[in-house]
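Here are my notes on this one, written as numbered points so you can follow along in the viewer. Shout if anything looks off to you.

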Amino acid sequence: QFLSKVIKKYDPKGRVGAEGSSGGDLELTVDKLEFWGPYRSLVSDELLKNLGPQRVRGTWWGGYLRSSRNGFPVNQWEFVLTGTVNADEWFAVSPGSTEGSHAGDLMPAPYVQKMMPHLQKLRRGQAQLLIRTPWRDDGFAFYFSHPSGSAASLDDRFTPQDASLGDLIRFCYRNGYNVKMITRKTIGKLKGQKVLFLAGANALSDEEAATFRDFVKQGGILVADQPPALLTEYLQIRKENPLKDLFGDRTLATMEAPLALAKPEVRTFGKGEAILLGTTVSRVLVSKGENAVDALVQGILDKKGIRNPESCSGVSPTLKVFRVRQLGDMVLAGLKTDVPELGKDVTIDFGKEGYVYEVDTGFVGKQAKVELKKLAIPFKLFTQFPKEQAAPAFKLDKTEVEAGAWVAFETKGLRQGSVYRLEVADPSGEHIVCRDELFCANAKAEPKRTFQFPFSDKPGVYKATLVDIATGLKTTIDVKVL
């Protein structure tokens, strides 16, 4: 915070932030910062995504020995698919080092060369489409409390938040749900949610407790792994539990150890329910596996009619990251797994029939399911629409120009909020890669978009192509440069 103020004195428009490390109370640490480079942490990365969706979030990757050397950018695929980052960074130690991206002769290392085609696809629209396509609000959320995390280091009777929160996040990763996290400062986002999970919520304020009681009273379902609110937000021991109507009057004085209930306790309060699991989700995972965790959590969501129509089968639940986003009537489903799953038959099921497209590739068919026979790469992106999609509406204001001239096209006929790529090919048909442009269609902010045919262009017929990244459909126009 101090350095940010100093830097902005001299660069008021600069994007200032920190390159990773532990954020402490992340909500306070990133306040007023425009950038944060997280070190890989499942819970913290998802928390950061929720706290700063518009912040630049990038993680260093690829330069450490433990990073993948199989030619697939599995880390970056996961980062953009989960949405935990929206920027791409590379950490390369000195050339020739075994931890670097380049050999001693400054040539890219073989594993990097193998990665490049996949990274280019991300750069040329896949990543931008994932970043720009909104998450659905599935109707449930997880509560994060920094004081509760601190409390877990004080006494074995307090439950670490990670003992459930990490595996709840992985449940979402396996089943296509958004990970929505709420904190004390953003507790207003609880409005409209149907289910809230408290994971290791050891320390809560009276105001938080009152909000949770009202949430249940109005019809919500509140789920806790272990008895919450044993301490105040200042880590003071409570003599009486403010959530006793929901989870029983359990206090630190009455608890010799964390609970190990044979089955969850369910209490009705007002129009809603409070469910005390009496165990952590990680214990369920270790003792019974991912399917048991999915059955437990999905069973609670079913009480409120929350169930994703989309699903993915045929890959290991341990390695599966299946994410679903939606823009208008466009559903974007993505799968990331890992090398051991290659060669398997995988199915992505949209739950109902529609027009399916492979992202930046083209039309697949009118169908409900995509059958991937003998999976060749561990990353796939598909969209589905209720109606067949047309090639993008693309019309230039002029098709015969002098070198150096600018041409324009309207964006109002494009799918608003979606991502497009403009390409130019020279008279010989060669694609001029450096002139590619990616943009998100926004007719209100940018009703017309322009691009130039430079003064250095030789006379001839050029081809301008607009590609709809979501569908892979494209429209090409001939432009004659005099």
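**Notes on the salt bridges, sheet and helices**

1. Let's start at Asp360, which is partly exposed, with a relative accessible area of 21%. Bear in mind as you read that this is a predicted model. Asp360 sits in the turn of a hairpin made by S14 and S15, with 3 residues between the two strands. Check the backbone there too, as Asp360 has a positive phi of about 60°.

2. As for the hairpin itself, strand S14 (residues 346-358) and strand S15 (residues 362-372) run antiparallel and pair over 9 bridges. If you want a pair to click on, Thr347 is opposite Glu371 in S15.

3. Which residue does Asp360 bridge to? The partner is Arg421, and the closest N and O atoms of this salt bridge are 3.1 Å apart. The two come from distant parts of the chain: Asp360 is in the loop between S14 and S15, Arg421 is in strand S19 (residues 419-425), and 61 residues separate them.

4. Is Arg421 buried or exposed? Its relative accessibility is 4%, and the cut-off for buried is under 20%, so Arg421 counts as buried. Asp360, at 21%, is on the other side of that cut-off and is therefore partly exposed.

5. Arg421 has another acidic partner to look at: its side chain meets that of Glu423 in a salt bridge of 2.7 Å, N to O. Glu423 is buried as well, with a relative accessible area of 14%.

6. Elsewhere, Glu446 and Arg449 form a salt bridge in which the closest N and O atoms are 3.0 Å apart. Glu446 is partly exposed at 26% relative accessibility, while Arg449, with a relative accessible area of 16%, is buried. Back around Asp360, salt bridges with shared partners tie Arg124, Asp360, Arg421, Glu423 and Asp436 into one network. For the whole model, the count comes to 30 salt bridges.

7. Now for a sheet. There is an open one of 6 strands with mixed pairing, in the order S6-S5-S7-S8-S10-S9. Its edges are strand S6 (181-182) and strand S9 (265-269); each has a single partner strand, so one side of each has no neighbour in the sheet.

8. Within that order, strand S7 (residues 195-198) and strand S8 (residues 221-224) are a parallel pair over 4 bridges. Phe197 has Val223 in S8 as its bridge partner. When you follow side chains here, remember the general rule that in a regular strand they alternate between the two faces of the sheet.

9. Which helices lie across these strands? H7 lies across strand S5 (140-143), S6 and S7, at about 155° to S5. Helix H11 (residues 290-302) lies across S5, S7, S8 and strand S10 (272-276), at about 145° to S7.

10. H7 also packs against a helix. The axes of helix H7 (residues 162-175) and helix H10 (residues 281-288) come within 6 Å and cross at roughly 65°, which means H7 is roughly perpendicular to H10. On the H7 side the contact is made by Ala163, Ser164, Asp167 and Leu168, and on the H10 side by Val281, Ser282 and Leu285. By class, that contact of H7 with H10 has 4 nonpolar, 2 polar and 1 charged residues.

Terms used
Residues numbered from 1 in each chain as written. Predicted model: local features only at pLDDT ≥ 70, side-chain atom pairs only at ≥ 80, totals over all residues. Heavy atoms only, no water. Axes fitted to C-alpha atoms, helices over the stretch in contact; angles between N-to-C directions. Parallel < 35°, antiparallel > 145°, perpendicular 65-115°, else oblique. Contact = heavy atoms within 4.5 Å. Nonpolar A, V, L, I, M, F, W, Y, C, P; charged D, E, K, R; others polar. Pairing = 2+ DSSP bridges. Salt bridge = Lys/Arg side-chain N within 4 Å of Asp/Glu carboxyl O. Buried < 20%, exposed > 50% of the residue type's maximum accessible area, 1.4 Å probe, protein only.
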